[in-house]
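Hi,

Here is the structure I promised to pass on. Have a look at it first, and then read my notes below.

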Amino acid sequence: MVFSRESFIEQVEKQADWDVIIIGGGATGLGTAVDAASRGYRTLLLEQSDFAKGTSSRSTKLVHGGVRYLAQGDVALVYEALHERGLLLKNAPHLVKDQEFVIPVYSWLSKYKYLIGLKFYDLLAGRSGFKKSSFLSANKVLAAIPGLKPDGLKGGVSYSDGQFDDARLALNLAQTAAEYGGVLLNYTRVTGLTKQNEEVAGLSFTDTETGKSYTLNAKVVINATGVFVDEILKMDVPSGRAIVRPSQGAHVVLDVSFLKGNSALMIPKTPDGRVLFAVPWHGKVLVGTTDTPLNEHSLEPKPLDEEIEFILTTAGKYLTKEPVRADVLAAFAGLRPLAAPGKDTDSTKEISRSHKLIISKSGLITITGGKWTTYRRMAMDVVDKAIALGKLDARKCITQDVKIHGYVAEMLTGDLGLYGADAEGIRQLISTHPELDIRLDPDFKYLKAEVVWMVRNEMVRTIEDVLSRRMRLLFLDAKGALALAPAVARVMAEELGKGEDWVEAQIEAFTALVAQYLLYAPGKENNGIHKVKATA
């Protein structure tokens, strides 16, 4: 399998006719590419930035049915998500694991309410490979979460859900689609839809690296652009109304000392009626999320001050070590592409969490809503709909049994564990090029060989691609990511044949980006961020 941007561009230049063209390289678009390619359709995916640049790399890292949705009575959505959770654990065990969550209880009534609800959750899940829920004594709760305040604690309820690395799964889905013959391109901007007899018959796009434009034909075009779906819909019908209302979810990342232990904390009811998670993730603690309706969207949303304060204040009510802004290693936000209601509202509770298929008069298929856990089901529904509309010949979906790229029987340990089966490829690279077996920085575990591997095998084009979505360091330790930027830029420049101007421009752009992931603490102007020199 060749996973190379240059190779994919060559294929596009040779082939003008496709069965399926997918716009959007997030969870839904990538899942659809896997589904379509594995059925044998000629499949092309176009992404305006890097794969999972938007919402799909900014989740709470949970593969779950949604305890909150069960409390709201949406049993069908929870059942579907739990089924998909089990399939993800089966097909991507190198990325998805069983994570224990603990709900602390402060009244006996809460104990029975949560335990009964979670037993129903277990029942809906069936035999999916996850542990069942159970009641814990106060001592066992504190043993599982040593950082929890003991005041008034009656005990807790333990349950299991899935945890994963979202951006890494997105990449592996792209690689899986390529293994089935799919072509996937990042940094390509769709500029218009082409029509024949008022039916969408293809599209035009520009390679943003070279500026070269292409026009391609397709039996079906699928709009899977998340919060950007309206922009594609307006290419079809310029006067059409918006169908998506973005809702922002913010997260902060703290040192592991705030939580301690390996269990995750679930706060079942916050002042705004949501749940809040504090989850161990890659040696740090991820805390979130919020649910803030917005009227506009962007590729790089920024957490609002009130969201940060809400997360820190709520977490501080439960943790013995109360976090403050200066403790935050990174803060980020993602925009959920929720299906907008027919009337104006400021309550995201009135906006559907279920996915929705929209068929335009032109034949354009748009998919909105949903969540990471149900990406495979969403993709299956999209391709099945294209078949039902007569745009594709009927072929059976096989993704229930498709092993995701990198598959190994269980999650690997060690610094290269996240790569799954690809870890062996990196070791082979090191064996033939021992000079790559050095750390980019003595204070961090990342190797020079990993960057070389990413350039050659993971389609990285910028240092942001490496530090944000491949290594995940920008989301874990923003200042640390900035420290590694010059070394990453040097390795990439050598691999890509870039000059000093490219290195300087990359570092400058990344330095500006890092500032958005850090909180400005009082008395610490710019939080210690200064222009980084381009020296490795």
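Ser247 has Pro293 as its bridge partner in strand 15. That strand covers residues 292-293 and pairs with strand 11 in the antiparallel sense, over 2 bridges. Bear in mind as you read on that this is a predicted model.

Strand 11 has another neighbour too: 5 bridges join it to strand 14 (residues 284-288), and the two run antiparallel. If you want a spot to find that pairing, go to Val253, whose bridge partner in strand 14 is Leu286. Is strand 11, at residues 244-255, mostly enclosed or mostly open? It is largely enclosed by the rest of the structure, because 11 of its 12 residues are buried.

Next, the nonpolar cores. The largest has 68 residues, and those touching the most other members are Phe3, Val12, Leu44, Leu169, Leu184, Leu203 and Phe205. Helix 7 (residues 166-179) is the top contributor to this core, giving 7 residues. There is also a second, separate core of 50 residues, with Ile426, Tyr446, Trp453 and Leu518 among them.

Leu44 is a handy place to start looking around the largest core. Setting aside neighbours within four places in sequence, Leu44 is in contact with Val12, Trp18, Val20, Ile21, Ile22, Val183, Leu185 and Leu216.

Helix 5 (residues 108-125) is worth a stop, as two of its residues make a nice contrast. Leu123 lies in this helix, and so does Tyr121. Leu123 counts as exposed because its relative accessible area is 65%, and the cut-off is over 50%. Tyr121, with a relative accessible area of 1%, is buried.

What does Tyr121 touch, not counting residues up to four places away in sequence? The list is His64, Gly65, Gly66, Val67, Leu70, Val78, Leu82, Arg85, Tyr159, Ser160 and Asp161. Tyr121 and Lys131 are 10 residues apart in sequence, and their C-alpha atoms are 11 Å apart in space. Leu123, for its part, joins Val75 and Phe120 in making a nonpolar surface patch of about 270 Å².

One last residue: Asp236, which sits in helix 8 (residues 229-236). Is Asp236 buried or exposed? Its relative accessible area is 8%, so Asp236 is buried, as that is under the 20% cut-off. Apart from neighbours within four places in sequence, Asp236 is in contact with Leu193, Lys195, Val200, Ser360, Ser362 and Leu364.

Cheers

Note on methods
Residues are numbered from 1 along each chain as its sequence is written. This is a predicted model: local features need pLDDT of at least 70, side-chain atom pairs count only at pLDDT 80 or more; totals for chains, interfaces and linings use all residues. Side-chain values use heavy atoms; hydrogens and water are left out. Buried means under 20% relative accessible area, exposed over 50%, partly exposed in between (1.4 Å probe, protein chains only). Helices (H or I, at least four residues) and strands (E, at least two) are DSSP runs, numbered from the N terminus. Two strands pair if DSSP finds at least two bridges between them. A nonpolar core is a set of buried Ala, Val, Leu, Ile, Met, Phe, Trp, Tyr and Cys residues joined through side-chain atoms within 4.5 Å. Contact means heavy atoms within 4.5 Å. Patches are made of residues with over 30% relative accessible area and no salt bridge: like charges are joined within 9 Å, nonpolar side chains (Val, Leu, Ile, Met, Phe, Trp, Tyr) within 5 Å. Accessible areas come from the Shrake-Rupley method with a 1.4 Å probe; for residues, only the protein chains shown count as cover. A salt bridge is a side-chain nitrogen of Lys or Arg within 4 Å of a carboxyl oxygen of Asp or Glu.
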